[in-house]
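User: Please take a close look at one part of this model, the open sheet and the helices that lie on it. I want the strand order, the pairings and the packing in one connected account.

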Amino acid sequence: MFGKRGPDTPAKVPAPAVALAASRAPVSAPVVPASAPAPMRRAPEPAAAAAPPSAKIRPDSYYETKSKVFAALIDTIDLSQLARLETEAAREEIRDIVNDIIAIKNFAMTIAEQEDLLSDICNDVLGYGPLEPLLARDDIADIMVNGARQTFIEVNGKVQEAGVRFRDNQQLLNICQRIVSQVGRRVDESSPICDARLPDGSRVNVIAPPLAIDGTVLTIRKFKKDKLTLDQLVTFGAISPEGAEILQIIGRVRCNVVISGGTGSGKTTLLNCLTRYIDEDERIITCEDSAELQLQQPHVVRLETRPPNIEGEGEITMRDLVKNCLRMRPERIIVGEVRGPEVFDLLQAMNTGHDGSMGTIHSNSPRECLNRIESMIAMGGFSLPSRTVKEIVTGSIDIIVQAARLRDGSRRITHITEVLGMEGDVITTQDLFVYDILGEDSRGKLLGHHRSTGVGRPAFWDRARYYGEEQRLARALDAAEVKGVGPQ
């Protein structure tokens, strides 16, 4: 169908699903009769067959054979014709041609090795190569590729090495370029750093040589196919049922919320969970470096920053987006991650009629979160007195939700903290919920519990009463106060 015919084409080859017999390219290797099957004499070893794709450690000979078959495939097919086919049809065409090449070149392979080779080559041509089996697994949270020969994954909060590798650094760079080009960005020697995203919203970062000394480094923060909810976080032990109820009320009554936490602590996941409780008739505008929020409301406008072009022009920063969205009649503004001076514009939006705005910030505690906000405002060049900055912060932020990844890999919401106001030159806060670590079990898992601090009337009580949620809030606080404090 889309092969390139040459003068030395074998007279007879096995016919693939879509007629390719008349359009096969020459393959310079000993020709075997068409009826001869591909040599597959050994039965697959049970352990190898049972191992997941990401755990197989393959010998160098496998990659040498794969390189030869891949080169013959590229010489055989017409990529422009292949691009016109549906993915499944194209995959079947590639499988048929690769089977022919294996038979003609008489490669000695087991059935399992041939199936692996077929799958790998299809992924190389149509997908993201060796990353495909890792992307297909929903239990992986992060994929970290450190050059062509070393890949790590995070499973259940723990990092482990994955048994996949790339043909060479050029293949890895080509896959990175394929990923970032889908969102109109590029990565090469002149622009070696790039943030992008996969179609499912997974966050991608690429840093290429010469900045990455040992080869291109690719990091993917994967999103689960099934979006997490607060109920699921309760099941996982990340928050107690009463704490989840209070978070629902906080999202419903339009408190201004900052979600604080370290890298990989689940800030974006928690932000997605909170946005589920926003009313469907509200206009929401999101601002992100790479669009990864997955809001379910019908009236959502998504904005994304843009890096400078090759001439160093055309950059659109997060601050530009936040300032512009104020002119777009938002009811809530959600900033995916606050890293710099845009925090000042977000605070200004929060205390000028855009109640219920949200954002995330990197910090290790609610108190440190407030300090970082002050520091980022100073970094923006705003020459404001320290007390004025603190007053802006206290007038804007209602709640800080602190997330953390503990040393056993589990993720917990460790604080739900209110920002109350000022006492002298100090911002005052009060914790509504905290997580206490009680010990460790025989498997190394940390034991702890969420507890109420005994605050019976939070500062946002009047706001909850305005939205008719005060009785529900009182019940949640009472239930948390009388609940036992056994380990969870």
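Analyst: What follows goes through the sheet, then its hairpins, then the helices, and ends with confidence and one residue elsewhere.

This is a predicted model. Confidence comes back below.

Start with the sheet. It is open and has nine strands. The order across it is β9-β8-β10-β11-β7-β12-β13-β14-β15. The pairing is mixed. Two strands form the edges: β9, residues 300-304, and β15, residues 446-452. Each of these pairs on one side only. On average, neighbouring strands of the sheet are turned by 25 degrees against each other, direction ignored.

Now the parallel part. Strand β10 covers residues 332-335, and strand β11 covers residues 358-362. The two run parallel and are joined by two bridges. V335 stands opposite G359 in β11.

Further along the order, the sense changes to antiparallel for the next pairs described here. β12, residues 399-405, pairs with β13 in the antiparallel sense over seven bridges. R405 has R411, in β13, as its bridge partner. β12 and β13 form a hairpin, and five residues lie between them. In that turn, G409 has a positive phi of about 95 degrees.

β13 also pairs with β14. This pairing is antiparallel too and runs over eight bridges. Within it, E418 stands opposite Q430 in β14. β13 and β14 form a hairpin as well, with two residues between the strands. Here G424 takes a positive phi, near 70 degrees.

Next, the helices on the sheet. Helix α11, residues 318-325, lies across β8, β9 and β10. The helix runs at about 170 degrees to β8, which spans residues 284-288. Helix α14, residues 386-396, lies across β13 and β14. Those strands cover residues 411-423 and 426-440. α14 runs at about 120 degrees to β13.

α14 has a helix partner as well. Helix α13, residues 366-379, packs with α14 at an angle of about 120 degrees. The axes of the two helices are 10 Å apart. How does that angle class the pair? Roughly perpendicular ends at 115 degrees and roughly antiparallel begins over 145, so α13 and α14 are oblique to each other. α13 passes α14 in a right-handed crossing. On the α13 side, L370, I373, E374 and I377 take part in the contact. They meet S386, V389, K390 and V393 in α14.

How far can the coordinates be trusted? The chain has a mean pLDDT of 80, and 85% of its residues reach 70 or more. Over residues 1-55, however, the pLDDT is below 50. That stretch still has 97 contacts in the model beyond near neighbours in sequence. Residues 484-488 also stay under 50 in pLDDT. For them the model has 13 contacts beyond four places in sequence.

Last, one residue away from the sheet discussion. R95 is found in helix α4, residues 87-105. Its relative accessibility is 22%, so R95 counts as partly exposed; the buried class requires under 20%. Leaving out residues up to four places away in sequence, R95 touches E115, L118 and C122. S119 is 24 residues from R95 along the chain, and their C-alpha atoms are separated by 8.2 Å.

Key: Residues are numbered from 1 along each chain as its sequence is written. This is a predicted model: local features need pLDDT of at least 70, side-chain atom pairs count only at pLDDT 80 or more; totals for chains, interfaces and linings use all residues. Side-chain values use heavy atoms; hydrogens and water are left out. Two strands pair if DSSP finds at least two bridges between them. Helices (H or I, at least four residues) and strands (E, at least two) are DSSP runs, numbered from the N terminus. Axes are lines fitted to C-alpha atoms, for helices over the stretch in contact, and angles run from 0 to 180 degrees between N-to-C directions. Contact means heavy atoms within 4.5 Å. pLDDT is the predictor's confidence in each residue, from 0 to 100. Buried means under 20% relative accessible area, exposed over 50%, partly exposed in between (1.4 Å probe, protein chains only). Angles under 35 degrees count as roughly parallel, over 145 as roughly antiparallel, 65 to 115 as roughly perpendicular and the rest as oblique. A crossing is left-handed if the near helix is turned anticlockwise from the far one by less than a right angle, and right-handed if clockwise.
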